[in-house]
Amino acid sequence: MRRSSTPLALHRLSKTINTWYVRRYIAPQFDSLGSLPDVVNPRSVAIFGDNIHLGKHAHIIASPDNIIRLTSWPSRLGKSEIRIGNYCLISPGVRISAAKSIRIGDNCMFAANVYISDSDWHGIYNRIRPFRSEKPVVLEDNVWLGERVIVNKGVRIGENSVIGAGSIVTKDIPANVIAAGNPARVIKAINPKRRMLKREVLFQDSEHYYEIQDGLAKMAMENNSWRNWLRVLFKPNQQD
């Protein structure tokens, strides 16, 4: 559809139900949570395991056909952990799988279908059970991973660095660079002295941020009628 025909009242009801669902079913699955995350399609978020931590003002955008998975696998060597910082953006299809430790800093952004893993999960010669081949992964503050990026075990990506779409990161990437390729390599430097707007700026006044979001929804939907919404559901036309 070219534009939303949803009535404003229905949009607000949907948001209320969403918030209740996140509070009731999503939030309790984290071992620590900075604030209630803003989750789109929370029924498409799958969380498995202990020791999973999420910072404040996370924005999680899931999709029914491309769910988000956060998985912390237990082992005989002890519990694994996933720690995600404040103000992070997680897009549809992101998978984060820890056998030991995955630590993600503040203001990080993950585009669709990013995969981060700290383990090979099976050995070359012993393929019938999990293999002890894990190494911690660290993403420092303000890292941006493009669509379908894969981050392998033992990798550290430095602050502010960007990884281009489709890249596979097998070795450490320094701070303040753009890297891309398979395997990913540095292709450009980022000027660390230039002012950089990070996601935390959106939430310097969090109440004002959410007021703006509600105002945008009102501007787009306040003239939508229930009758027209029902018509669009059952008999859309080219003007819809």
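**Aromatic rings, a nonpolar patch and an open sheet**

Let us begin with tyrosine 209, which is buried, its relative accessible area being 14%. The model you are looking at is predicted, so please read each value here as computed from that model. The next residue to visit is tyrosine 210, which is partly exposed at a relative accessible area of 35%. That value is not under 20%, the limit for calling a residue buried, nor over 50%, the limit for exposed.

How do the rings of tyrosine 209 and tyrosine 210 meet? Their centres are 5.0 Å apart and their planes stand at 75°, so the pair is edge-to-face. An angle over 60 degrees is what earns that name. Both tyrosines belong to one aromatic cluster, in which Tyr87 and Phe203 join them.

A second edge-to-face pair is made by tryptophan 226 and tryptophan 229: because their planes lie at 90°, with ring centres 5.7 Å apart, the pair falls in that class. Here the helix helps us follow the geometry. The two tryptophans are three residues apart in helix H3 (residues 226–234), so about one helical turn separates them. Tryptophan 226 itself is partly exposed, with a relative accessible area of 45%. Across the structure, the count of aromatic pairs comes to nine.

Rings also meet charges in this model. The charged end of arginine 43 sits over the ring of tyrosine 21, 4.4 Å from the ring's centre. Arginine 95 does likewise with tyrosine 115, lying over its face at 4.3 Å from the ring centre.

Now turn to helix H1, which spans residues 8–26 and holds tryptophan 20. This tryptophan is partly exposed, with a relative accessible area of 47%. Together with Leu13, Ile17 and Tyr25, Trp20 makes a nonpolar surface patch of about 410 Å².

Finally, look at the sheet. Eight strands make up an open sheet with mixed pairing, and their order is S2-S5-S8-S11-S14-S17-S19-S20. Which strands form its edges? They are strand S2 (38–40) and strand S20 (185–189), each of which pairs on one side only. In general, strands of a sheet pair through backbone hydrogen bonds, in either a parallel or an antiparallel sense. For S2 and strand S5 (residues 59–61), the sense is parallel, and the pairing runs over three bridges. If you would like a spot to zoom in on, try aspartate 38, whose bridge partner in S5 is histidine 59.

How values were computed
Residues are numbered from 1 along each chain as its sequence is written. This is a predicted model: local features need pLDDT of at least 70, side-chain atom pairs count only at pLDDT 80 or more; totals for chains, interfaces and linings use all residues. Side-chain values use heavy atoms; hydrogens and water are left out. Patches are made of residues with over 30% relative accessible area and no salt bridge: like charges are joined within 9 Å, nonpolar side chains (Val, Leu, Ile, Met, Phe, Trp, Tyr) within 5 Å. Accessible areas come from the Shrake-Rupley method with a 1.4 Å probe; for residues, only the protein chains shown count as cover. A salt bridge is a side-chain nitrogen of Lys or Arg within 4 Å of a carboxyl oxygen of Asp or Glu. Helices (H or I, at least four residues) and strands (E, at least two) are DSSP runs, numbered from the N terminus. Buried means under 20% relative accessible area, exposed over 50%, partly exposed in between (1.4 Å probe, protein chains only). Two strands pair if DSSP finds at least two bridges between them. Rings of Phe, Tyr and Trp (its six-membered ring) pair if their centres lie within 6.5 Å; planes under 30 degrees apart count as stacked, over 60 as edge-to-face and the rest as tilted. A charge sits over a ring if NZ of Lys or CZ of Arg is within 6 Å of the ring centre and within 35 degrees of the ring normal.
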